[in-house]
Amino acid sequence: TSDINCSCDLLAKHPQVTTAVDIGSGTGWVSASVHPLVEKVIAIEPSAAAIDISKRAYPAETYPNITWHEGLAEELLPALALTNPTIFITGCVLSHLRDKEVEKICKTITEVAPIGSVFAFSECWSEETPWHQNMWHIRTKTWWQAQFPGWTLTFGGTKHEQGDYYMGIWGVKNK
């Protein structure tokens, strides 16, 4: 629920945002939760099975402003032709991907996001020490800041009980 709370807070502070992009939407609960707050929700998920579950759980009759897109974010985002400020949301998806994939996704977000866009990433970060083990990738604040030139980033969250890391990054595109 931290994704939703943060997204709601950011949307309240940035009423110019009219579109949400849920990257790694899984079975769609974040997309469904944010849909009443914006005009359009674009859910991106590489799993066809998850998209199928999403469409059944959140049918178009009840959630008409959600569109479901199967594929990789770095490939689908450029085709969206975003013209209005957008909120980009992740739910601990990037913390499970290698640096090279996350770098591509972050670069693509920066390229396609109109000025005034925001992001609410429920992703892991640490003050100084990166950590890559099994399916977890904890990146430093400096690493994240390097991925988003022209954005103001805020790092939040509480310290994780099993490691020296936090979860929660928010950004606003300034230029």
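Buried, on this tour, means under 20% relative accessible area, and exposed means over 50%. Keep those two cut-offs in mind as you click through this predicted model.

**The whole chain**

Start with everything selected. The protein chain holds six helices and nine strands. Its C-alpha trace spans about 45 × 35 × 30 Å along the principal axes. How does the radius of gyration fit a compact globule? For 175 residues such a globule would have a value near 16 Å, and the chain has 15 Å, which agrees.

Now colour by accessibility. Of the 175 residues, 51% count as buried. About 8,600 Å² is exposed, and carbon and sulfur atoms supply 53% of that area. If you draw contacts between residues at least 6 apart in sequence, 68% of them join residues at least 24 apart. For a look at charge, mark the mean positions of the 13 positive and 19 negative charges: they lie 5 Å apart.

**The cysteines**

Select C92 next, in the loop between β4 and α5 (99-112). C92 is buried, since its relative accessible area of 13% is under the 20% limit. Check its backbone too: phi is positive, about 60°, although C92 is not a glycine. Most residues other than glycine have a negative phi.

How many disulfides are there? The count comes to zero, with 2.5 Å between sulfur atoms as the limit. C92 is in no disulfide, and its nearest cysteine sulfur, that of C124, is 4.6 Å away. Add C106 to the selection: its closest cysteine sulfur is also in C124, but at 14 Å that is too far for a bond. C106 is buried as well, with a relative accessible area of 0%.

**A second positive phi**

Move on to A81, in the loop between α4 (73-76) and β4 (86-91). Its phi is near 50°, a positive value in a residue other than glycine. Is A81 buried or exposed? A81 is exposed, because its relative accessible area is 60%, over the 50% cut-off.

**Strand β2 and I42**

Select residues 40-45, which form strand β2, and pick out I42 within them. I42 is buried at a relative accessible area of 4%. Which residues does I42 touch beyond those up to four places away in sequence? They are T19, A20, V21, D22, T67, H69, L80 and L82. Try a distance label from I42 to I66 as well: these two are 24 residues apart along the chain, yet their C-alpha atoms are separated by 5.9 Å.

**Strand β5 and S126**

Next, show residues 118-126, strand β5, where S126 is found. With 2% relative accessibility, S126 counts as buried. Leave aside its neighbours within four places in sequence, and the contacts of S126 are I138, R139, T140, K141, D164 and Y165.

**The loop with K159**

Finish at K159, in the loop between β8 (151-155) and β9 (166-173). Not counting residues up to four places away in sequence, K159 touches D164, Y165 and Y166. Keep D164 and Y165 highlighted, for they are also among the contacts of S126. As a last label, draw the line from K159 to Q147: they are 12 residues apart along the chain, and their C-alpha atoms are separated by 22 Å.

How values were computed
Residues are numbered from 1 along each chain as its sequence is written. This is a predicted model: local features need pLDDT of at least 70, side-chain atom pairs count only at pLDDT 80 or more; totals for chains, interfaces and linings use all residues. Side-chain values use heavy atoms; hydrogens and water are left out. Buried means under 20% relative accessible area, exposed over 50%, partly exposed in between (1.4 Å probe, protein chains only). Helices (H or I, at least four residues) and strands (E, at least two) are DSSP runs, numbered from the N terminus. Contact means heavy atoms within 4.5 Å. The radius of gyration is taken over C-alpha atoms; the globule rule is 2.2 Å times the number of residues to the power 0.38. Accessible areas come from the Shrake-Rupley method with a 1.4 Å probe; for residues, only the protein chains shown count as cover. Lys and Arg count as positive and Asp and Glu as negative; His and the chain ends are not counted. The place of a charge is taken as NZ of Lys, CZ of Arg, CG of Asp or CD of Glu.
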